[in-house]
Amino acid sequence: MNVTHSKTMAPAAAVPPAVAPLPPQPDDASSPPPAPPASPDGFEEPRALGAVLDDALARMSRRARGDERPVPLPWSNVAAALGGGLWGGTLVTLVGDTGSGKTQWALQAAMHAAESAVPVCYVAPDSGIDQMVARIVALKTRRKWSDLYVGRTGHEVIDNVRAEHAHAMKDLPFHLVGGTGGRSAPRTRELAEWMRKKDPETHPGERPFLLVLDFVQLLGGAREKEDLGEMMGRAAYEARQVARELDAAVLLVSTTSRETRPGAEDTIGIHRDRRQPSSLGRGNPARLVRGGKETGDVERESDTVLVLAQEPWRSRRPAGRWTRVWCAVAKNRSGARAWCALRFNGTCFDVDREAAAGLADEVPPSEEDERALREEE
């Protein structure tokens with residue numbers, strides 16, 4: 001397992017950055033005290049309201065004053081739906097069909113956070129570091145990452161990246177963990193503790209960090225060899241515990257329950273079903289997630305579930321054209337469900353202003369329409 005580190009005041013050099021093993025974790029007096037050890041039998045002793053009230057009110061006050069802020073997102077409508085962004089101490093799961101842009105969405109969110117001075121660790125268990133760097137560079141050049149990766153863009157584009165972007169990218173608090181093609185889950189807790197050691201905080205929420213766990217390829221490959229549901233449940237449980245204990249915002253990039261169910265033909269959204277008219281952007285977005293034994297545990301553990309659902313093209317999408325993709329807030333423990341209109345060109349996402357304006361002017365569906373949507377679900 002390898003992690004790349006940003007280098008300050010380093011001269012501009014070729015991308016990708018250097019790769020180094022995780023360093024040992026030194027004792028740090030400024031780090032917050034460790035949580036009390038859990039009982040061997042898993043019993044958690046109840047806590048009196050009087051013992052936790054002051055700390056909880058203090059944290060609410062810090063958030064009300066703006067002293068504690070969420071990890072920012074690059075899309076204003078998604079950020080608004082989540083109360084400002086990705087809050088520390090929460091597990092957010094992003095799901096969608098193959099090709100809906102989950103990894104690019106997560107990388108774009110992670111780069112925006114790093115450029116806003118939020119420490120980021122992006123874990124891609126089944127991808128090489130060079131592939132992930134190519135995806136990141138694609139966000140800067142607005143070119144297909146695969147073209148960059150195999151050299152189809154030409155050396156002029158790479159020279160431009162070195163001249164205009166490499167120096168600033170090296171200074172970002174952005175860390176990568178790649179894989180070697182194995183099927184074991186990454187050591188989530190160790191990575192999160194390493195991140196907190198690098199950026200300690202005096203009180204919860206003072207210094208949030210973002211941990212992205214991109215499990216798409218990993219879980220897809222493990223489908224036939226082990227109990228996928230058990231593996232995903234363990235990963236989600238550990239991710240949620242890490243988020244709570246270390247005040248991290250954890251983004252779990254997962255595949256859909258229908259897509260991971262062997263032999264299933266249904267998909268999220270409607271882009272493979274031409275029989276029904278589009279109903280994306282209206283009704284209850286929770287219908288896009290159908291918890292089965294494969295992903296039910298992930299959805300239950302998550303504080304927020306986001307679903308990327310692409311609208312259908314009646315013909316092949318022209319190269320370079322934007323496609324409307326709805327980012328549906330299908331579950332939100334600290335707020336309401338919502339439809340967030342985005343557009344995707346195969347490399348990056350942007351707010352779909354036209355669809356967003358339509359949502360603002362939309363008349364609430366009638367009782368008859370709501371009943372029809374429930375029957376469809």
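# A tour of the predicted model

A search of the whole structure finds 18 salt bridges. Keep in mind that this is a predicted model. Three of the bridges make good stops on the way.

**Stop 1: Arg-207 and Asp-199.** Select both side chains. They form a salt bridge, with the closest N and O atoms 3.1 Å apart. Asp-199 is buried, at 15% relative accessible area. Arg-207 is partly exposed, at 28%. Now add Arg-59, Arg-62, Arg-63, Glu-68 and Asp-247: salt bridges with shared partners join these five residues into one network.

**Stop 2: Glu-68 and Arg-63.** Zoom in on this pair. Their closest N and O atoms are 3.1 Å apart, in a salt bridge. Which of the two is buried, and which is partly exposed? Glu-68 is buried, at 2% relative accessibility. Arg-63 is partly exposed, at 32%.

**Stop 3: helix α1.** Select residues 49-65. This helix has 17 residues. From first C-alpha to last it reaches 24 Å, close to the 24 Å expected at 1.5 Å a residue. Just after the helix comes Gly-66, with a positive phi near 90°. Next, colour Leu-49, Leu-53, Leu-57 and Met-60. Together they make a nonpolar surface patch of about 400 Å². Leu-57, a residue of α1, is partly exposed at 41% relative accessibility.

**Stop 4: helix α4.** Go to residues 129-141. The end C-alpha atoms are 18 Å apart, in agreement with the 18 Å that 13 residues should span. How much of this helix is buried? The count is 10 of the 13 residues, so α4 is largely enclosed by the rest of the structure. Among the buried residues are Ile-129, Met-132, Arg-135, Val-137 and Leu-139. Arg-142 follows the helix, and its phi is positive, near 60°.

**Stop 5: helix α6.** Select residues 155-170 and show Asp-159 and Arg-162. Their side chains meet in a salt bridge, 3.1 Å from N to O. The two residues are three apart in the helix, and therefore separated by about one helical turn. An α-helix has 3.6 residues a turn, so residues three or four places apart point the same way. Asp-159 is partly exposed at 38% relative accessibility. Arg-162 is also partly exposed, at 35%.

**Stop 6: strand β8.** Select residues 304-310. The strand is mostly covered, with seven of its seven residues buried. In a regular strand the side chains alternate between the two faces of the sheet. Turn on the side chains to see this. Thr-304, Leu-306, Leu-308 and Gln-310 point one way, while Val-305, Val-307 and Ala-309 point the other.

Now bring in the neighbours. Strand β3, residues 90-96, pairs with β8 in the parallel sense over five bridges. There, Thr-93 stands opposite Val-305. Strand β9, residues 323-332, pairs with β8 in the antiparallel sense over seven bridges. Look for Ala-328 in β9, the bridge partner of Val-307.

**Stop 7: the cysteines.** How many disulfides does a search of the whole structure find? It finds zero. Select Cys-340 and Cys-327 to check one pair. The Cys-340 sulfur has its closest cysteine sulfur in Cys-327, 5.5 Å away, which is too far for a bond. Cys-340 is buried, at 2% relative accessible area. Cys-348 is buried too, with a relative accessible area of 2%.

**Stop 8: Phe-349.** End in strand β11, residues 349-351, where Phe-349 lies. Phe-349 is buried, at 3% relative accessibility. Add Trp-75. The two residues are 274 residues apart along the chain, yet their C-alpha atoms are separated by 8.3 Å.

Terms used. Residues are numbered from 1 along each chain as its sequence is written. This is a predicted model: local features need pLDDT of at least 70, side-chain atom pairs count only at pLDDT 80 or more; totals for chains, interfaces and linings use all residues. Side-chain values use heavy atoms; hydrogens and water are left out. Buried means under 20% relative accessible area, exposed over 50%, partly exposed in between (1.4 Å probe, protein chains only). Helices (H or I, at least four residues) and strands (E, at least two) are DSSP runs, numbered from the N terminus. Two strands pair if DSSP finds at least two bridges between them. Patches are made of residues with over 30% relative accessible area and no salt bridge: like charges are joined within 9 Å, nonpolar side chains (Val, Leu, Ile, Met, Phe, Trp, Tyr) within 5 Å. Accessible areas come from the Shrake-Rupley method with a 1.4 Å probe; for residues, only the protein chains shown count as cover. A salt bridge is a side-chain nitrogen of Lys or Arg within 4 Å of a carboxyl oxygen of Asp or Glu. A disulfide is a pair of cysteine sulfur atoms within 2.5 Å. The expected span of a helix is 1.5 Å times one less than its number of residues.
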